[in-house]
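Good morning, and thank you for making time for this presentation. Please look at the sequence and the structure together as I go through a few local features.

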Amino acid sequence: MVFKRVLGSLGVGGPVVDTILDREPVRPGGVVRGQVRLRGGGSACDLEHLALELVAGVEAGHGGEEHEGGVVFDRLQLGGGFRLDAREHRDIPFTVHIPWETPLTEVAGQPLGVVLGVRVELAAAGAKDHGDPEPLIVRPLPVQEAVLRALGRLGFGLVAADLRLAPIAGTGRRLPFHQEIELTPAPQYLHDVNEIALTLLTGPDGMEVILEADKRGGGSGTQGRHTVSHEGLEQRDWTGEVDSWIQALIEPRATHTARDGRTGAAVAGIAGIAGIAGVTAGTAAGGALGGGMIAAGLGDALGNLANLGDLEGLGDLGTLGDSGGLGDLEGLGGGRDLGGSGSEEEARG
């Protein structure tokens, strides 16, 4: 095989490293397994420590500069204090517990333009160097899919999905950044808002949904927060519930415009239980770490979720791993409508 990185800063003829990940789908709160493969250089090398890092390309905030090389958001010490002989091959297996707040990189088989990576750090003779990051693909939890699918049914379109260092007051956020999903409004809300920003903060017990509206007419933005559990997803009318969240978010503006006669009242929530979409197949190709971007084909992502049929099971959340950090060793493009042809109205027709 071809090793990805000669760690030149550790000396001429220094060790070479590669990170191999299990390609099974991963969700927030789950685990990633793999191994670090070391190959000795032209001479023996005493390795002081060997660590594994989770890194992400993150912007400083709205319009902020990207952090070159990515932001480390979790770290696992694999070992150290051993000698790697010349030309020696050594494989070190690992299990990484992905934090619950890990951002999504893919929805319904479509990459979101967010790049995460797993990389190795080696230290020897007082110098440190990193291997090339191995791309990490993260797909939604069932509760995240339920909300995204409801938005797709309502007709919202995704513009971008960025990672930002800007704080969110009043949350128990643990990672140094959060994912913000920017949505174009559904047709019934075009007169009220320019854009909706969505953040999904998951934990072992459930998820906090944070919605922010950029209102038309120069009004100040508003924010809504809702907490949902991982349990009982199939019993909820997600389309109607999410629509009620949107209405509450823009209600002052909607009421005002209705009174002035410029728009009608807010559209009532669509009835019927929204089926929860399963994780769809698809592998996103990763690149060098970078900030969030608008990814080609994102216009299909929420639409795909909106059109997926009901499933008879959501999987066992108990297999997703502990709520802690790293464990021990072992586009939506251009505001396209996302509802597609799978709406409840057509089903009733």
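Let me begin with a definition: a residue is called buried under 20% relative accessible area, exposed over 50%, and partly exposed in between. Please also bear in mind that what is displayed is a predicted model.

With those cut-offs, consider proline 176. The residue sits in the loop between E14 and E15. Its relative accessible area is 35%, so proline 176 is partly exposed. Which residues does proline 176 touch, not counting those up to four places away in sequence? They are Val71, Val72, Phe73 and Leu165. For valine 71, the C-alpha to C-alpha distance to proline 176 is 8.3 Å, while the two are 105 residues apart in sequence.

The next residue in that loop takes us to the aromatic pairs, of which the model has two. In one of them, phenylalanine 73 and phenylalanine 177 meet edge-to-face, with 5.4 Å from centre to centre and 80° between the planes. Phenylalanine 73 belongs to strand E6, residues 71-79, whereas phenylalanine 177 belongs to the loop between strand E14 (157-164) and strand E15 (178-184); the pair therefore ties together parts that are 104 residues apart in sequence. Are these two rings buried or exposed? Phenylalanine 73 has 8% relative accessibility and so counts as buried. Phenylalanine 177, at 2%, counts as buried as well.

I turn now to the sheet that contains E14 and E15. This is an open sheet of five strands in the order E14-E15-E16-E17-E18, with antiparallel pairing. E14 and strand E18 (222-229) are the edge strands, each pairing on one side only. From one strand to the next, the twist averages 20°. Within the sheet, strand E16 (residues 193-202) and strand E17 (residues 206-215) are joined in the antiparallel sense by nine bridges. Threonine 202, for example, has methionine 207 in E17 as its bridge partner.

What lies across this sheet? Helix H1 lies across E15, E16, E17 and E18, and runs at about 165° to E16. H1 also matters for our next topic, the largest nonpolar core. That core has 70 residues, among which Leu38 and Trp238 touch the most other members. Helix H1 (residues 142-154) supplies the largest share of this core, seven residues.

Leu38 leads us back to an earlier part of the chain. Strand E3 covers residues 31-39 and pairs with E2 in the antiparallel sense over six bridges. Here threonine 19 has valine 36 in E3 as its bridge partner. Strand E2 (residues 16-21) is mostly covered, with five of its six residues buried.

Finally, I would draw attention to two backbone conformations. Arginine 87 is not a glycine, yet has a positive phi of about 65°. Its place is in the loop between strand E7 (82-84) and strand E8 (89-97). With a relative accessible area of 59%, arginine 87 is over the 50% cut-off and is therefore exposed. Alanine 108 also has a positive phi, near 50°, in a residue other than glycine. This alanine is found in the loop between strand E9 (106-107) and strand E10 (110-111). How does the accessibility of alanine 108 classify that residue, as buried or exposed? At 12% relative accessibility, alanine 108 falls under the 20% cut-off, so the residue counts as buried.

Technical notes: Residues numbered from 1 in each chain as written. Predicted model: local features only at pLDDT ≥ 70, side-chain atom pairs only at ≥ 80, totals over all residues. Heavy atoms only, no water. Phe/Tyr/Trp six-rings, centres within 6.5 Å; stacked < 30°, edge-to-face > 60°. Helix = DSSP H or I, 4+ residues; strand = E, 2+ residues; numbered from the N terminus. Buried < 20%, exposed > 50% of the residue type's maximum accessible area, 1.4 Å probe, protein only. Pairing = 2+ DSSP bridges. Core = buried A, V, L, I, M, F, W, Y, C linked by side-chain atoms within 4.5 Å. Contact = heavy atoms within 4.5 Å. Axes fitted to C-alpha atoms, helices over the stretch in contact; angles between N-to-C directions.
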